[in-house]
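User: I should like to learn how to read domains, contacts and exposure in a structural model. Please take me through them in turn.

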Amino acid sequence: MTVASIGGQALKRLFRRGLESLSHDIELINRHNVFPVPDGDTGINMFHTLNRAYQEIEELETDDISVIAQRFAHGALMGARGNSGTILSQLLKGFADGLGESPILTASLLKSSCGAAVTQGYASVSQPTEGTILTVAREASESLSLRQAENASPRMMLTSLIRAAQASLENTPNLLPALKDAGVVDAGGMGLVSFLRGMPGGRARRRTNLPETGSSIPAAAEGAESFGYDVQFLMVGEGLDVARTRRELEALGWSVIVVGDQETIKVHIHADNPAIPLDYAVKTGAALDDVVVENMELQHRRQLSIDLNRQAQIDAVSSKVAVIAVAEGDGLHAVFRGLNCSILISGGAGRNPSTEDFINAIKRLASSCAIILPNDRNIVLAAQQAADLLADRQVEVIATETVLQGIGAMLAFGDATDSGAELEAVLERMSAASADIRSIEITQALRDSKFRDLSINQGDYIAIVDGMICAASTDTETAVLDAFSNFDIEDVELVTVYYGAGVSAVESEQLIRRIRTAVKGLECESIYGGQPLYPFLISVE
Amino acid sequence: MTSSRIHIAADSVCDLPAHIVESLKVHIIPTYVNIGGESIPDDGRSLDRERFFRELPGMRSLPTTAAPSPGDAETFYRTILDNGATRIISIHVPEKLSGTLNAMRLGAEAVGADRITLVDSLQLTFGIGYQVWAAAELAADGAELAAILDAIERVRQRTRVYAIIDTMEYLRRSGRVNALVASVGGLLKIKPIVDVSDGEVTSIARLRTWSRAEQRLQSLTQDQSPLERLAVLHVSNRAGAEKFLDSIRDIAPSDTLVIETTPTLGTHIGPGSIGVATLSRDWRR
């Protein structure tokens, strides 16, 4: 039977199933990072964006499609995290605006609204890049022909939309060389495809396949109704069968990782009901140890805490302009606080704050003007969106791409406010100062990969110089020293090493001694940063 | 004899060297440095400055500084008046930073406040010294009180005092300028440039390296050119001060002084720091 139109509650179900689909693909999408570094968790970012969106409509009983779409888009705008999440929220906003006040969705309205979504999506970034989520959205939208719109049902249109999105996604490596080099498709595009293809429900979902990178990830069990639990445990026993355990667990959940030997097996699985894999494991006769069960949604929400600190004191120093910065690690927080940053939002690589997190932070400020330092390439858009949404306040974003640039900007902030500069001059000086900072970020490769001439093995320490992978080695010191070959040493005066969680002050001093030996006449400083994932963050100026 | 009617007085924080004090015929009351249990007057004789600063980093407890007592002030003024002065203009370290002016006020009241005009220089080191210098020259020429006070004001307007703080440790320990310390920030190694104006010391730039701080100090000094007077100040860093002077030699007047600042200030600023005090030529306009 062909249904000529879709009502609000039907659209709500489509969104719901799309969200469920995405929730099952989080890990897969996360693994599609271009760089083998622990940043840009696109899957989790897009999931949180849509999850927040769905919360807005969950209780709505209206059958008015424009209300459902607008509320969903509003939730997405608030929940937007990461660049892909932010672009997705703009696509949804464009889609909702495209519906106008129509209470029902017809095929022709679906076509025009998708067009509006694409227009808004492209407008949301200053320099749209092809081979990304934008391309997937555009090519999917363009596949909807006028003839089809006159004859087909919205659901049939949706099917061709999904097919075109899938084809577009598979073509992204041909548009973005970085994707081709890394042997992946675009992660944001993949998230959009996952969202769309979940919409029609069970059968269509199984017909489409996402490209795989590493280990295989089975499709979710039919009719899954929740976003799931992250379950981890050790099985201890004798004569355990790793392969069989993996095979049998794969039927009970998704994102299954099973490693070990005959005596110990480590299991990681996402499941709707955490009792099911645990029950299975107990029944094999193995003893369970280190059992961890986490609600995936709540877990992330808890981690994102906003530090309100020293507000009264700060406002005494500078009542006109306040700075909100994103950083992770107690040491880095202390550095920012010491430079009179008003609010710190915990987050960074792999843990991107949402637009709403920024809005909440801004609303807690007494100052009428706020400056946001996102300190991560992948957080800039969500911060910008927060600034745009708060029209009644003056909020400016300085697009700092590393926490080191953020610290450079903070030093200039102090100078500028001391001299009583107006906001515009403050911004100018902070931007200029952050641009003067060059960064070496040391982290571990998440997987084997090739990057230009570099062969990178999983677990290698890689040095990222100003956003580009420049060196890789099995030890941190070699990676750091190799990275220095990218600098004109004559121009370098000061090297500041922020050592991360799990690195000792002694190790940091040792690294500095190696740098000093290799590069004579440098001023060096070692500071505790406490950041996760990056043993060393090094600013070079 | 009109020239002896108005006498100029100041405290030792003005940093004028002995030969200038003598030639200008100004009266200097010493402030005190307390080391251990001892209170030593900063009169240029009792305390060996070089040795003091050499030993400062190793001192277990930081020396403190103290204003003259009201009794000191009373004796000081009485001596000047007994030597033939009909009026004293007394120029001092800012009230916001020191109890000196208050002590001088009490001393003045004891000897007859109507004959003593107290001036808050709102400055430090040669920033006070330039006001004293101009006042003394005018007084020697027989200028009236109002004219001298006007000159002091104009000198103050065209005086700048800047310093590079080599380490924040001493300012932090001294507790005199907590707002400054808070605004510079604690964890990074920062060499702030401080500015003295309106009786307050504030940070105007946070530099991460000495050479960048020196460059900034050069440009700040050059901004004040053409100069009538220049003093390059230091705390236990004569070589650094001489080197800095060389870098701005083209704008430095021929009688530029290189001065080790008083222990009263040096104790708070800490060894290694250098600074400048400028007086622009246009103050006379």
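User: Which domains does the assignment give for chain B?

Analyst: This is a predicted model, in which local features need pLDDT of at least 70 and side-chain atom pairs pLDDT 80 or more, while totals for chains, interfaces and linings use all residues. Residues are numbered from 1 along each chain as its sequence is written, with chains lettered from A and ligands numbered from 1 in the order written. Domain bounds come from an automatic or database assignment. Chain B has domain 1 (2-31 + 67-156) and domain 2 (159-284), and their C-alpha centres lie 24 Å apart.

User: How many residues of domain 1 of chain B are in contact with domain 2 of chain B?

Analyst: Two residues are in contact if their C-beta atoms, placed from the backbone, lie within 7 Å. Here 20 residues of domain 1 of chain B are in contact with 18 residues of domain 2 of chain B. Helices are DSSP runs of H or I with at least four residues, strands are runs of E with at least two, and both are numbered from the N terminus. Helix 5 (126-140) and helix 6 (145-157) of chain B each supply at least two residues of the domain 1 side.

User: Is B:D195 buried or exposed?

Analyst: A residue is buried if 20 or more other C-beta atoms lie within 10 Å of its own, exposed if 12 or fewer, and partly exposed in between, with C-beta atoms placed from the backbone. B:D195 is partly exposed because 19 other C-beta atoms lie within 10 Å. This residue is found in strand 9 (residues 191-197) of chain B.
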